[in-house]
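Trainee: Could we go through this model together? I would like to see how each label is earned.

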Number of protein chains: 2
Amino acid sequence: MSESCRHNGRTSCTVPSSEQVQDLLLQAEKLCAGRQQRFTELRRKVLELVCQYKQPVGAYDLLDDLKQTGRSAAPPTVYRALDFLQSQGLVHRLATNNTYIACAHPQHEHTGLFFVCHRCGFTQEVHTDEIVQAVRQQAVTLDFTVEKAAVEVSGTCHDCQSGNDDV
Amino acid sequence: MSESCRHNGRTSCTVPSSEQVQDLLLQAEKLCAGRQQRFTELRRKVLELVCQYKQPVGAYDLLDDLKQTGRSAAPPTVYRALDFLQSQGLVHRLATNNTYIACAHPQHEHTGLFFVCHRCGFTQEVHTDEIVQAVRQQAVTLDFTVEKAAVEVSGTCHDCQSGNDDV
DNA sequence: CAAGTTATGTTATATTATAACATAACATTT
DNA sequence: AAATGTTATGTTATAATATAACATAACTTG
């Protein structure tokens, strides 16, 4: 497991703080370059927007943001960019609530594991080898070739359990 | 096949064969009665329709079917019935493709674990204690109270791997 | 620079789901 | 059984999410 990323089942992978966004964009640029993929201005911009949200964001929110920047934009503009970013593992889609979130560790392939608080919306991406292994083992049993696994757990986060009313 | 329910991590839970649908409806009726929930004609009908599909089905397909029966029906008709059926654990929603599938073992609470073949659409619900336990353990680590966990794995099923072109 | 490929712009529309409010059916108490 | 409250359904409209289809622009490669 890479030095720069120590997600070992205890460490949560939250969205980077805003001063880290530039780093992440640079990293994305390098990853794409290495794969002969075009990390265009539009794609960079969409990734930047996704990163700036600390939480999952809807496609139409991103579309509004894009329009704010003066650039012409329609739904396909943002959906195509999101498709590309997902294909490169830079963004995950949360199927249970139709939102998108930046991946904090795009260096290595992984299944998306999310814990989503349905009270405050806080969403944590985690790495849990046990879950990944269990899914893989079940796939072997079924003779099923896994392409993509999505694990989305909804419930109440730490902060929202403690009768904390002011979220 | 199914006697009662022997889902032990090796047994896949497929949708019951059509001669079993009536059993499942009876079972659903009893479950609802025991919970003081109203298993109305409409809800029964929608569950019956969902059961008759061997595979996940979209809400609007169900709506079309409902209309076929002569009954008046609009989107809320089917969505409300599906919401109820989900609340009773009789139906699962597959978030990754916006479809609904009957639960073959509504007797006991469980997280939905699905392997979906993106070639033929074949969808298998399974029980895997290892996955459930791993998710539970991670939740404890995060101090997260799980309400609902969805695991949806997409890939290629056994039959579709073997260069089988005539699916 | 010519030709092929990939990305983006643009318009329209498909698909999925819910809001809001009226009516009907059921449940409970009297 | 009538009155009342609650839950379910009917109905119309619309919101929210996503894609089709085709034209143009920008890169890429020989």
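Trainee: What makes B:Thr40 a polar contact of DNA strand D?

Mentor: A polar side-chain atom of B:Thr40 lies 2.6 Å from a phosphate oxygen of the strand. A polar contact is a pair of N or O atoms within 3.5 Å, so B:Thr40 qualifies at 2.6 Å. One caution: this is a predicted model, where local features need pLDDT of at least 70, side-chain atom pairs count only at pLDDT 80 or more, and totals for chains, interfaces and linings use all residues. Residues are numbered from 1 along each chain as its sequence is written, chains are lettered from A and ligands numbered from 1 in the order written, and side-chain values use heavy atoms, without hydrogens and water.

Trainee: Which element gives the most to the surface near DNA strand D?

Mentor: Helix 4 of chain A, with four residues. Here, near means that a heavy atom of the residue lies within 4 Å of the strand. In total, 19 residues surround DNA strand D, and A:Tyr60 and A:Arg93 are among the closest.

Trainee: Why is the relation between chains A and B called a two-fold axis?

Mentor: Chain B can be laid on chain A by a turn of 180 degrees and a shift of 0.0 Å along the axis, with an RMSD of 0.0 Å. That is the relation of a two-fold axis. The superposition is by least squares on C-alpha atoms of residues with pLDDT of at least 70 in both copies.

Trainee: How do you know that the copies meet through the same surface?

Mentor: 100% of the interface residues of chain B are also interface residues in chain A, so the surface is the same.

Technical notes. Contact = heavy atoms within 4.5 Å. Polar contact = N/O pair within 3.5 Å; in protein donor to acceptor, adjacent residues only side chain to side chain. Helix = DSSP H or I, 4+ residues; strand = E, 2+ residues; numbered from the N terminus.
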